[in-house]
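This report concerns one protein model with a bound ligand. Please examine the sequence and structure shown here before reading on.

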Amino acid sequence: MSPADPYLHRYATRAQGMTASEIRALFAVASRPEIVSLAGGNPDVTVLDFDEVADVAARVIRERGASALLYGGGQGLGEMREQLTGVLAAEGIRARADDLVVTTGGQQALDLLARLFIDAGDVIVAEGPTYVGALSAFSQYQPRVVHVPMDSDGVVPEAMADVLDRLRAEGVKPKMLYTIPNHQNPAGVSLTEDRRRAVLALADAHDLMVVEDNPYGMLDFKHETRTPLVTLAPERVIYVGTLSKIFSPGVRTGFVLAPHAVRDKLVQLKEASDLCQSNMTQAIAEAWLRTQPWREHVRAFTELYRERCDEMLSEIEVAFPPEAHVAAPTGGMFTWVRLPEPIDTGALLPRAINARVAYVPGRGFYADGSGKQEMRLNFSYASADRIREGIRRLGELIGDELELLHAFGR
Ligand code: PMP
């Protein structure tokens, strides 16, 4: 047991509820090589040629060292933002460099947006399950997160209408809808075209601002593009993007596309938080996008993940109990599994790690305690052989667990 925290009575209210997750401790163990980790969220950057990355980085320092080694402006380097408009164009979004703010990954964008918009007690509407990092960014500002269920076509508009009507009846006006419409983390599914329009009609009817978080849009297994919400309702939607899944999370380059009034506030918050984005990583990312065939790399990432996803799904079919519900991902890096009652994926995790396989239990992806029978599995990082082995170990464990639980009449 850890000793009592001598600072406990000094923390700000917003920090009182923060607890070190037990899961993080387990993950420290899960990084051991004998454990097949299906828990992480890393891309497989071995798709990239590291000599090329090294050349780009060396050239940046040699040729533009004077600016790369200095502070920059709070909005981000102009050349970087210019290249990011090319990334947006690939998603079907027309934007100007001046419409963007560069952030430390999409994660900081979520933090800055929450800091800008969320007072304690405000309501955020989000998919259930949703991105755990968004929940932790939001929770610092003490909102109430209300989830809307999803099915294989993404968030269910009728369920969203019910949630919004219920909140209205309570006299609550939600501050924002947070959504990941493409290859959602963790659910793996995408919002269909009809539903995009239905969701935005609801946002209109309830005067709801929308934060559209799109790290995985280009990792589409059929190489299709879906209509970004921001193109359908540019005044209502704030768009968050990142280079983490199409180049590298190590460069920590994300960005926000927002109306200019919001953009200006974000620049002020960014400067208050860390003065500016690293000029060094921006210069490397900018040169990478400008000089390398990055769309071919995205295609290579996507092909690799599609193969690994197929391996994972076919092994699950053999190894998991037939009652398990498994999402068929449209792209991205994750699938989502719901196991039969009375399984508790949180309680099962230490035993899974003993059996040398790791996943993320479902509960962390909800703000309301649901997700007990659910788990997220990652297919972007481990090799196909390791994925198959990991799923076999997990399937065996789940089978044993169900047998045991039933034997004890639970
Ligand atoms: N949003 C979603 C949905 C994510 O899955 C992630 C990363 N896993 C992020 C935002 C943040 O990523 P980054 O800060 O690396 O851009």
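The sections below treat the basis of the model, the ligand site, the domains and the backbone.

## Basis of the model

The model is predicted; local features need pLDDT of at least 70, side-chain atom pairs count only at pLDDT 80 or more, and totals for chains, interfaces and linings use all residues. Residues are numbered from 1 along each chain as its sequence is written, and side-chain values use heavy atoms, with hydrogens and water left out.

## Ligand site

The ligand is surrounded by 13 residues, of which Gly 106, Asp 213, Tyr 216, Thr 242 and Ser 244 come nearest; a residue is near a molecule if one of its heavy atoms lies within 4 Å of it. This shell comprises four nonpolar, six polar and three charged residues. In this division Ala, Val, Leu, Ile, Met, Phe, Trp, Tyr, Cys and Pro count as nonpolar, Asp, Glu, Lys and Arg as charged, and the others, Gly among them, as polar. Helix α5 (residues 105–117) contributes the most to the shell, with three residues. Helices (H or I, at least four residues) and strands (E, at least two) are DSSP runs numbered from the N terminus.

Polar contacts to the ligand are pairs of N or O atoms within 3.5 Å. A ligand nitrogen is 2.6 Å from a side-chain N or O atom of Asp 213, and a ligand nitrogen is 3.0 Å from such an atom of Lys 245. For Asn 185, the side-chain N or O atom is 2.7 Å from a ligand oxygen. The protein covers 92% of the 390 Å² of accessible area that the ligand has on its own, as computed by the Shrake-Rupley method with a 1.4 Å probe.

## Domains

The chain is divided into domain 1 (8–48 + 296–407) and domain 2 (67–292), with bounds from an automatic or database domain assignment. Their C-alpha centres lie 24 Å apart. The contact (heavy atoms within 4.5 Å) takes 33 residues from domain 1 and 30 residues from domain 2.

About 2700 Å² is buried between domain 1 and domain 2, and carbon and sulfur atoms give 67% of this area. Buried area is the accessible area (1.4 Å probe) that two parts lose on being put together, summed over both.

## Backbone features

Most residues other than glycine have a negative phi, and most peptide bonds are trans. The bond from Gly 128 to Pro 129 is cis, with omega near 0 degrees; Pro 129 is in the loop between β3 (123–128) and α6 (132–139). The bond from Asn 185 to Pro 186 is also cis, with omega near 15 degrees, and Pro 186 lies in the loop between β6 (176–179) and α8 (193–205).

Asp 207, although not a glycine, has a positive phi of about 45 degrees. Asp 207 is placed in the loop between α8 and β7 (209–213).

Terms used. A polar contact is a pair of N or O atoms within 3.5 Å; within protein, one must be able to donate a hydrogen and the other to accept it, and residues adjacent in sequence count only if both atoms are side-chain atoms.
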